[in-house]
Amino acid sequence: MNDLLEKIDLTNLENAKFLVELKAGFNKELAKFHDKVKPPSKNGHVDFSTGKGRTKYDYVQLEDLIKAIDTALNGSGMTWSQDSEVNDGSARVRTRILSSNGYEYISPWILIKSSGKAQDIGSALTYAKRYSLGTSFGINSETDDDGQQAQESNTSTNNPHKQKNNPKPAQRLINQKQLGTLKTKLIELGLAKGTSSEVEAKNYLVRANLKRLEDLPAEFASSLIKLVEDDLKQAKSSNNQNSGSNEFDDFAKGM
């Protein structure tokens with residue numbers, strides 16, 4: 001399906017609308033998936049010591065990640081698959097997510113190098129599959145720093161002065177419904193300006209000193225969506241991006 005989409009003439013308004021509708025449908029299904037999916041347990045454990053100290057963390061095993069994803073996708077019409085290659089001791093993997101409307105998301109290749117030994121190649125391939133699958137569906141499968149946080153919390157408890165002066169409440173981030181809306185608007189903006197949703201997203205992320213839209217604090221999500229909508233209106237009417245200041249700009253300056 002993506003091969004056909006890449007050949008579509010986006011200078012044609014109807015074609016552009018068709019692509020936006022496909023991606024919007026994909027984003028909606030992905031948002032529903034996130035409403036249903038349950039975070040997989042981190043049943044993988046690493047604990048070893050070297051001359052530099054002790055390394056200890058937990059992570060999600062591939063089979064548990066697959067089970068969580070397949071359970072949440074059941075009945076949704078969405079499916080997924082992975083392409084994998086092994087060459088010169090390195091393993092690379094990419095993930096495909098197919099929406100019920102025919103739109104297909106293909107992730108970038110994840111390349112993991114190894115020593116070249118059979119066991120190391122197998123481990124590299126498993127890691128690449130887990131990392132690619134987790135990032136494609138937006139599920140954290142990496143190291144669990146709860147132990148480190150607990151240790152810091154214990155230190156703070158034993159040090160009332162530090163606890164008082166360094167509170168670190170958890171920060172709420174943009175929810176999946178808002179994220180889907182934001183990505184859809186960025187697709188439309190990219191089409192209107194003749195760029196791409198990735199380019200437009202990067203422009204906003206640089207201003208906020210963020211690397212991913214998923215890291216946007218919840219309190220500024222609505223402001224950014226409105227800003228993108230305003231810029232979209234401006235782009236459609238004059239092809240010039242609106243650079244006016246608003247609540248999101250104030251946040252970006254603070255960052």
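Trainee: Where is Ser-107 found in this predicted model?
Mentor: Start with the strands on either side. Strand 5 covers 104–106 and strand 6 covers 110–113. Ser-107 is found in the loop between strand 5 and strand 6.

Trainee: Does Ser-107 count as buried or exposed?
Mentor: Buried means under 20% relative accessible area. Ser-107 has 7% relative accessibility. Ser-107 therefore counts as buried.

Trainee: Which side chain joins that of Ser-107 in a polar contact of 3.5 Å?
Mentor: Look at the contacts of Ser-107, leaving aside neighbours within four places in sequence. They are Arg-94, Thr-95, Ser-132 and Ser-136. With Thr-95, a polar atom of the Ser-107 side chain lies 2.8 Å from the backbone nitrogen. The side chain that joins Ser-107 at 3.5 Å is that of Ser-132.

Trainee: Which residue meets Arg-94 in a salt bridge at 2.9 Å, N to O?
Mentor: Arg-94 is in strand 4, residues 90–98. Its partner is in strand 3, residues 79–87, eleven residues apart from Arg-94. That partner is partly exposed, with a relative accessible area of 23%. The residue is Asp-83.

Trainee: Which residues are joined into one network by salt bridges that share partners?
Mentor: The pair of Arg-94 and Asp-83 is a salt bridge. Both residues belong to the network. Its members are Asp-83, Arg-94, Arg-96 and Glu-104.

Trainee: How far apart are the closest N and O atoms of Arg-54 and Asp-47?
Mentor: Check the two side chains in turn. Arg-54 is exposed, at 58% relative accessible area. Asp-47 is partly exposed, at 46%. They form a salt bridge, and the closest N and O atoms are apart by 2.7 Å.

Trainee: What span should the twelve residues of helix 3 have?
Mentor: Helix 3 runs over residues 62–73. The rule is 1.5 Å times one less than the number of residues. The end C-alpha atoms are 16 Å apart, which agrees with the expected span of 16 Å.

Trainee: Why do the buried residues of helix 3 line one face of the helix?
Mentor: The buried residues are Leu-62, Leu-65, Ala-68, Ile-69, Ala-72 and Leu-73. An α-helix has 3.6 residues a turn, so residues three or four places apart point the same way. Seen down the axis of helix 3, the buried residues line one face because they fall within an arc of 130 degrees.

Trainee: Which exposed residues does the face of helix 3 turned away from its buried side carry?
Mentor: The buried side includes Leu-65 and Ile-69. Now turn to the face away from that side. Its exposed residues are Glu-63, Lys-67 and Thr-71.

Trainee: Which residue with a positive phi follows helix 3?
Mentor: Helix 3 covers residues 62–73. The phi in question is near 85 degrees. The residue is Gly-75.

Trainee: Which helix gives the largest share of the largest nonpolar core?
Mentor: This core has 20 residues, and Leu-182 and Val-228 are among those with the most contacts inside it. Helix 7 (176–193), helix 8 (197–208) and helix 9 (221–238) each give two or more residues. The largest share is seven residues, and it comes from helix 9.

Trainee: How many residues has the other core, which lies apart from it?
Mentor: In general, nonpolar side chains tend to be buried together in soluble globular proteins. Leu-62, Leu-73, Ile-97 and Tyr-103 are among the members of this other core. Its residue count is 17.

Terms used. Residues numbered from 1 in each chain as written. Predicted model: local features only at pLDDT ≥ 70, side-chain atom pairs only at ≥ 80, totals over all residues. Heavy atoms only, no water. Core = buried A, V, L, I, M, F, W, Y, C linked by side-chain atoms within 4.5 Å. Buried < 20%, exposed > 50% of the residue type's maximum accessible area, 1.4 Å probe, protein only. Helix = DSSP H or I, 4+ residues; strand = E, 2+ residues; numbered from the N terminus. Arc of directions from axis to C-beta. Salt bridge = Lys/Arg side-chain N within 4 Å of Asp/Glu carboxyl O. Polar contact = N/O pair within 3.5 Å; in protein donor to acceptor, adjacent residues only side chain to side chain. Contact = heavy atoms within 4.5 Å.
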